[in-house]
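Please examine the sequence and the model shown below before reading on. The explanation that follows is meant to be read beside them.

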Amino acid sequence: MHKEGVQILLLQETHFKGDQVPRIPSKFYNIWVHSTNPEAKSKGVSIGLHKSLSYVFLDSQVDPGGRYAFLKLKIHERVYTIGNVYLPNSGQNKALTGILNKLDSFAEGELLFGGDFNMVLEPALDSSTGTTAFPRSAIVSVKQKLHKRRLVDVWRILHPRDRDYTYFSPAHTSYSRLDRFLISHHALTFSPASSIGTPIWSDHSPIFLSLELPGLVPREWSWRLNETLMHDSVCRADIISSIKLFIDTHSSDSTPLPLQWEALKCVVRGVFINHGARLKKAKGEKIARLIARISSLERAHKKSLDPDTLAELTGFREQVRDLLTHRAQANTERFRSYLYEHSNKPGKALARFIHP
């Protein structure tokens, strides 16, 4: 999600039980709000905040049963309420009514409300079969509740006649758009954009919502050595040849050694940046090709529901998972190195362990 530029992350079906919430090893999303089920590893929602997001925390509210989590933030002098919901497979209307009533008393400012609603609001467009088992009267009731609160389905507003889905049911061999972002109609002035991503890890497709919030300033980028580049033979050879060339060029130079050392570090850093970009581009292009193929197969399967297409789709998803797993392992090794380096020193690492 960090690669996609996601600043606020909403997760559903986290399946954490009670206070047994594991520490999420992400260096990008360092603040989390969890709602968990105290009785079993089921339900559960979480909200993650990116470290680059500049905000003031105002308040939070979570469901003791793991169905919703609310967060109130001030971002550049504007107040925003973030809501994350996971509705049950039955009784969605009743559950949503209770959650919206609690949200009414909590919400302030602009409302961004998303999650897994486990229901379609436009059966003719939101279901590949054009039908739904959800009663029509309940759909009308839900729409009235949303209209009363001036909440709009962003993706449907931007794609009024398009057919796309977020969940595939193998049991019923059908697609449905169960997941959505709802925003207050005032937030439509923030030039919203919304898209449905490609499912890789989950059985639900990710949904992206982009808003141009006033006052946001992008964070400056700073370079840091990626130690895994030393395992690349091409990079190692280039570093060795660059160092030899630098020494031969400056062997008779009268420049003070400290300045030569600083210059050499700049040369080596440039080599690392060059090969880091090369490897990142190659891996990114491979993942992009696979995801493009997955998207193409997914569109074809949504129309034909052919089992051979589904088998091919599953195979490509496994390839992407393998690549992403390798990246996760590299991040784990980097985190272990960080712990080894800072475990006995006062600093951020110790502070985070004392106050997680």
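The paragraphs below begin with the chain as a whole and then turn to its strands, its rings and several individual loop residues.

The model is a predicted one. Its protein chain contains 8 helices and 13 strands. Taken along the principal axes, the C-alpha atoms fill a box of roughly 85 × 50 × 40 Å. Of the 356 residues in the protein chain, 37% count as buried. Contacts in the protein chain with a separation of 6 or more can be sorted by distance along the sequence, and 62% of them come from residues 24 or more positions apart.

A convenient place to begin is the open sheet of 3 strands, whose order is E1-E3-E2 and whose pairing is antiparallel. Strand E1 (8-12) and strand E2 (29-35) are its edge strands, each pairing on one side only. From one strand to the next, the twist averages 20°. In general, the strands of a sheet pair through backbone hydrogen bonds, in either a parallel or an antiparallel manner. Here E2 is joined by 6 bridges to strand E3 (residues 45-50), and the two run antiparallel. Within this pairing, Tyr29 stands opposite His50 in E3.

A second antiparallel pairing involves strand E4 (residues 56-62) and strand E5 (residues 68-75), again described by 6 bridges. Phe57 stands opposite Leu73 in E5. The hairpin of E4 and E5 has 5 residues between the strands, and Gly66 in this hairpin adopts a positive phi near 90°.

The aromatic side chains deserve separate attention. The structure holds 7 aromatic pairs. One of them brings together Tyr29 and Trp32, with ring centres 6.4 Å apart; the planes meet at 55°, so this pair is classed as tilted. Tyr29 and Trp32 are both buried. The rings of Phe168 and Tyr175 also form a tilted pair, because their planes lie at 40°, with the centres 4.7 Å apart. Are Phe168 and Tyr175 buried or exposed? Phe168 has 15% relative accessibility and therefore counts as buried. Tyr175 counts as buried too, because its relative accessibility is 3%.

Ring pairs also link Tyr68, Phe70 and Phe106 into a cluster. Phe106 has a further neighbour in Lys72, which lies over the face of the Phe106 ring at 4.6 Å from the ring centre.

Two loop residues illustrate positive backbone angles outside glycine. As a rule, most residues other than glycine have a negative phi. Thr173, in the loop between strand E9 (167-169) and strand E10 (174-176), has a positive phi near 50°. Its relative accessible area is 33%, so Thr173 is partly exposed. Ser191 is not a glycine either, and its phi is positive at about 50°. Ser191 belongs to the loop between strand E11 (179-184) and E12. With a relative accessible area of 42%, Ser191 is therefore partly exposed.

The next loop residue to consider is Thr198, found between strand E12 (193-196) and strand E13 (207-210). Thr198 is buried, because its relative accessible area of 17% lies under the 20% cut-off. Which residues does Thr198 touch, not counting residues up to four places away in sequence? They are Pro206, Ile291, Ile294, Ser295 and Glu298. With Ser295 there is also a polar contact, made between the side chain of Thr198 and the side chain of Ser295 at 2.9 Å.

Another threonine, Thr255, is found in the loop between helix H5 (233-250) and helix H6 (257-304). Thr255 has a relative accessible area of 30% and is therefore partly exposed. The side chains of Thr255 and Asp253 are joined by a polar contact of 2.8 Å. How far apart are the C-alpha atoms of Thr255 and Ile287, which are 32 residues apart along the chain? The separation of these C-alpha atoms is 46 Å. Ile287 falls within the residue range of H6 (257-304), and Ile291 and Ile294, among the residues touched by Thr198, can be located in the model by following the chain onward from there.

Key:
Residues numbered from 1 in each chain as written. Predicted model: local features only at pLDDT ≥ 70, side-chain atom pairs only at ≥ 80, totals over all residues. Heavy atoms only, no water. Pairing = 2+ DSSP bridges. Helix = DSSP H or I, 4+ residues; strand = E, 2+ residues; numbered from the N terminus. Axes fitted to C-alpha atoms, helices over the stretch in contact; angles between N-to-C directions. Phe/Tyr/Trp six-rings, centres within 6.5 Å; stacked < 30°, edge-to-face > 60°. Buried < 20%, exposed > 50% of the residue type's maximum accessible area, 1.4 Å probe, protein only. Lys NZ or Arg CZ within 6 Å of the ring centre and 35° of its normal. Polar contact = N/O pair within 3.5 Å; in protein donor to acceptor, adjacent residues only side chain to side chain. Contact = heavy atoms within 4.5 Å.
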